[in-house]
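Me: I've just opened this model and I'd like a close look at a single part of it. Could you pick one helix, go through the side chains there, and then show me how other helices are tied in?

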Amino acid sequence: MFQHIRSAHPEARSVMGVSWLYNLRAYTRLFPQAFVESIQPVSGPLHLNGSSTWGQLLDWRQQVKPAVRDELLRRLVDMDVAAPWRVFPLQAQMATCGVQLFHDAFT
């Protein structure tokens with residue numbers, strides 16, 4: 001992927017991501033250390049339509065994880081309708097770093 005980015009988009013200077021998966025060490029091990037060190041909470045609103053946030057409720061077989069479902073349902077009673085994304089057990093986080101670190105790691 002980064003070979004393609006380098007050739008098709010040489011103007012690219014940074015990589016930015018937003019995901020609830022940044023809460024998982026098994027996932028963050030896949031990224032350059034500087035990217036991982038930049039992880040921080042998302043400050044603005046999140047769209048729940050089509051986002052990966054719902055993915056934390058499913059296992060690899062696309063079955064609902066009972067413990068995560070139950071935690072989400074427990075949190076619904078305190079949901080702020082202006083910020084419904086906050087009821088999810090694992091909050092989305094963002095990360096960013098220079099694209100060269102990805103080129104160095106993956107090409």
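**A closer look at helix α4**

Reply: Arg74 and Glu71 are both in helix α4, 3 residues apart, which is about one turn of the helix. Keep in mind as we go that this is a predicted model. Arg74 and Glu71 are also joined by a salt bridge, with their closest N and O atoms 2.6 Å apart.

Now stay with Glu71, since its side chain also meets that of Arg75 in a salt bridge, at 2.9 Å from N to O. Why does that reach work along the helix? Glu71 and Arg75 are 4 residues apart in α4, so about one helical turn separates them. Arg75 has a relative accessible area of 26%, so it counts as partly exposed. Put those contacts together and you get a network: salt bridges with shared partners join Glu71, Arg74 and Arg75. As for Glu71 itself, its relative accessibility is 24%, and because buried means under 20%, Glu71 counts as partly exposed.

There's another salt bridge to find, this time between the side chains of Asp70 and Arg69, at 3.0 Å from N to O. Asp70 is partly exposed, with 40% relative accessibility, and Arg69 is partly exposed too, at 36%. The count for the model comes to 3 salt bridges.

Charges aren't the whole story of this helix, though. Leu73 also sits in α4, which covers residues 66-76. Its relative accessibility is 48%, so Leu73 counts as partly exposed. Together with Leu76, Met79 and Val81, Leu73 forms a nonpolar patch on the surface, and the patch has about 370 Å² of accessible area in total.

So much for α4; let's move on to the other helices. Start with the rings: the model has 11 aromatic pairs. One of them is Phe2 with Phe106, a stacked pair with 6.1 Å from centre to centre and 25° between the planes. Phe2 belongs to helix α1 (residues 2-8) and Phe106 to helix α5 (residues 99-106), so this pair ties together parts that are 104 residues apart in sequence. What about cover? Phe2 is buried, with 7% relative accessible area, whereas Phe106 is partly exposed at 44%. For another ring geometry, try Tyr22 and Phe31: this pair is edge-to-face, with 5.9 Å between centres and 80° between planes. Tyr22 and Phe31 are both buried. If you follow the ring pairs along, they link Phe2, Tyr22, Tyr27, Phe31, Phe35, Phe102 and Phe106 into a cluster.

Phe102 from that cluster brings us to the buried residues of α5. Val99, Phe102 and His103 are buried in this helix. Around the axis they cover an arc of only 100°, which means they lie on the same side of α5. And what do the buried residues of α5 pack against? Their neighbours are α1, β1 (14-19), α3 (33-37) and β3 (93-98).

To go back to where you started, find Glu71 in α4 again: with Arg74 and Arg75 it makes up one salt-bridge network. Then look along α4 for Leu73, and from there pick out Leu76, Met79 and Val81, which share the nonpolar patch on the surface with Leu73.

Conventions:
Residues numbered from 1 in each chain as written. Predicted model: local features only at pLDDT ≥ 70, side-chain atom pairs only at ≥ 80, totals over all residues. Heavy atoms only, no water. Patch = residues over 30% accessible without salt bridge, like charges linked within 9 Å, V, L, I, M, F, W, Y side chains within 5 Å. Areas by Shrake-Rupley, 256 points an atom, 1.4 Å probe, with all protein chains shown as cover. Salt bridge = Lys/Arg side-chain N within 4 Å of Asp/Glu carboxyl O. Helix = DSSP H or I, 4+ residues; strand = E, 2+ residues; numbered from the N terminus. Buried < 20%, exposed > 50% of the residue type's maximum accessible area, 1.4 Å probe, protein only. Phe/Tyr/Trp six-rings, centres within 6.5 Å; stacked < 30°, edge-to-face > 60°. Arc of directions from axis to C-beta. Contact = heavy atoms within 4.5 Å.
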